[in-house]
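Please look over the structure shown here before reading the notes on its helices. They are grouped by topic for a computational reading.

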Amino acid sequence: MPTSSHRRGLTEVAAASVLWGTGGLAVQLIRERDALSPITISAWRMVTAAVVLLVVLLASRRGRELDELARARPRQLLAVGVGTAAYQGFYFVSVTQVGVAVSTVVSLGAAPVLLTAAEALRQRRTPDRARLAVLAAALSGLVLVSLGGHRSSTGPDPAAGVLLALASGTTYALTTAASGSISKQASPLVLTSGMTVVGAATLVPCLALVDGPLVTTDPVALAWLAYLGALTMALAYVLLYSGLRVVAPSTAVTASLVEPVTAAVVAAVVLSEALDAAAVVGILLVLGAVAGLGRASTAAGPVIPGTEAERARHG
């Protein structure tokens, strides 16, 4: 039986994915007010998150914990921060080359496949049928949701776009695996603070290569940038890293397919974009698959025990 900590961790990852799913709407609303590029928005999102988290750390007198983490696990922290910035950057550029639908399917679909395969190789056994069925349902739902509203979406260089989406998905998988390791030794708040500082240091220099304005003075755009940084980055990654303490990385990336589902629902509710029958079926498939991850027999990866007290209760 899965432990309550496993179910809690799965819920935290799903909650993070819901927050990420609202990010597309926020970006669209920002770009309606000012012509900031997606990379520029991503950079300021990371900077905002880093500032918010550092203020929280200092206010709670936990700044020393971040220094200790940086000294104890510098390579892992660097990998997580740079990796998070990289997979977001790869995805945004991929969208400009091949469109939203293909980029989403390839990047988000590649990660659970890669991590499930990696876990199978490490354990030297094939995932059981129940786990594969959950993964297949989640990926089928992803395709239906992503393609349902963007059938005509494309870009100038599909081949480059697909390669960039694969790079995004691969980097996402590797970063999640690295995060799963370091999250067991660090507080989610401290780890997210370190990740966003490294991510900001990675993305801000990239602004020199971006066309268009680098800042905005529009109050509405600034408010949405604050939302992106504080909620879709700072809070969402605290939830993700908390969840990764008790769920396997492949489970986490499968559960994160709630993100495109949320984006589709938000677009339908807020922007009155139609959801066709295929998209509705896709939403149900993804939600059903994520619910299935709460069962030990179908989790996309091992169910990781919780605390010592909880292991005693369940063992």
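The briefing below deals with helix packing, helix geometry and one buried residue.

This is a predicted model, in which local features need pLDDT of at least 70 and side-chain atom pairs count only at pLDDT 80 or more, while totals for chains, interfaces and linings use all residues. Residues are numbered from 1 along each chain as its sequence is written, and side-chain values use heavy atoms, with hydrogens and water left out. Helices are DSSP runs (H or I, at least four residues) numbered from the N terminus.

**Packing of H2 and H10**

- Helix H2 (residues 23–33) packs against helix H10 (residues 219–243) at an angle of about 160 degrees, and their axes lie 9 Å apart; axes are lines fitted to C-alpha atoms over the stretch in contact, with angles from 0 to 180 degrees between N-to-C directions.
- That angle makes H2 roughly antiparallel to H10, a term applied to angles over 145 degrees.
- The contact (heavy atoms within 4.5 Å) involves residues including Ala-26, Ile-30 and Arg-33 of H2 and Trp-224, Leu-228 and Thr-232 of H10.
- The residues of this contact divide into ten nonpolar, two polar and one charged, where Ala, Val, Leu, Ile, Met, Phe, Trp, Tyr, Cys and Pro count as nonpolar, Asp, Glu, Lys and Arg as charged, and the others, Gly among them, as polar.

**Packing of H5 and H9**

- The axes of helix H5 (74–98) and helix H9 (188–203) come within 8 Å and cross at roughly 55 degrees.
- H5 and H9 are therefore oblique to each other, oblique being what remains once angles under 35, over 145 and from 65 to 115 degrees are set aside.
- Among the residues that make the contact are Leu-78, Gly-81 and Ala-85 of H5, together with Met-195, Val-198 and Thr-202 of H9.
- The contact of H5 with H9 comprises nine nonpolar, five polar and no charged residues.

**Helix H3**

- For the 22 residues of helix H3 (residues 38–59), 1.5 Å a residue gives an expected span of 32 Å, which agrees with the 31 Å between its end C-alpha atoms; the expected span is 1.5 Å times one less than the number of residues.
- The buried residues of H3 (under 20% relative accessible area, 1.4 Å probe, protein chains only) include Ile-39, Arg-45, Met-46 and Leu-57.
- Just after H3, Arg-61 takes a positive phi of about 60 degrees.

**Ala-289**

- Ala-289 is found in helix H13 (residues 277–292) and is buried, with a relative accessible area of 4%.
- Leaving aside neighbours within four places in sequence, Ala-289 is in contact with Val-134, Ala-137 and Ala-138.

Technical notes
Helix = DSSP H or I, 4+ residues; strand = E, 2+ residues; numbered from the N terminus. Buried < 20%, exposed > 50% of the residue type's maximum accessible area, 1.4 Å probe, protein only.
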